[in-house]
Amino acid sequence: MIHEKLPQSDEFQESQSMKLDEQITAAIGAHRLWKGRLRGIVESGTSDMPTDVFRDDHHCSFGKWLYGPEIDAPSKKSAHYKACVELH
């Protein structure tokens, strides 16, 4: 279930009070929005951001959350985390 109000990038950085499952749900929803924006760029052939920004998987809200401080170091060593990074 995707939250009606998806957090913006800054909110992900400050979302430590959210449960992990809520963070994941919100991050997936925000990633959908990012992919929609990229689809629009491809379809229109124009962009208001440099190519480097949308090539780097750290710039979308999901990437900022995935690589950010909300996920602890032991979790980042898990096979599940590594699979998520690879899929992203």
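This passage describes the fold, the nonpolar core and a surface patch of a predicted model. Local features require pLDDT of at least 70 and side-chain atom pairs count only at pLDDT 80 or more, while totals for chains, interfaces and linings use all residues. Residues are numbered from 1 along each chain as its sequence is written, and side-chain values use heavy atoms, with hydrogens and water left out.

The protein chain contains 6 helices and 0 strands (DSSP runs, numbered from the N terminus, of H or I with at least four residues for helices and of E with at least two for strands). Of its 88 residues, 27% are buried (under 20% relative accessible area, with exposed over 50% and partly exposed in between; 1.4 Å probe, protein chains only).

The largest nonpolar core (buried Ala, Val, Leu, Ile, Met, Phe, Trp, Tyr and Cys residues joined through side-chain atoms within 4.5 Å) comprises 10 residues: Ala 27, Trp 34, Ile 41, Met 49, Cys 60, Phe 62, Trp 65, Leu 66, Ile 71 and Tyr 81. Helices α2 and α4 (61–67) each supply at least two residues of this core. Beyond its neighbours within four places in sequence, the core residue Cys 60 is in contact (heavy atoms within 4.5 Å) with His 31, Trp 34 and His 88.

Ile 24 lies in helix α2 (residues 20–44) and counts as partly exposed because its relative accessibility is 34%.
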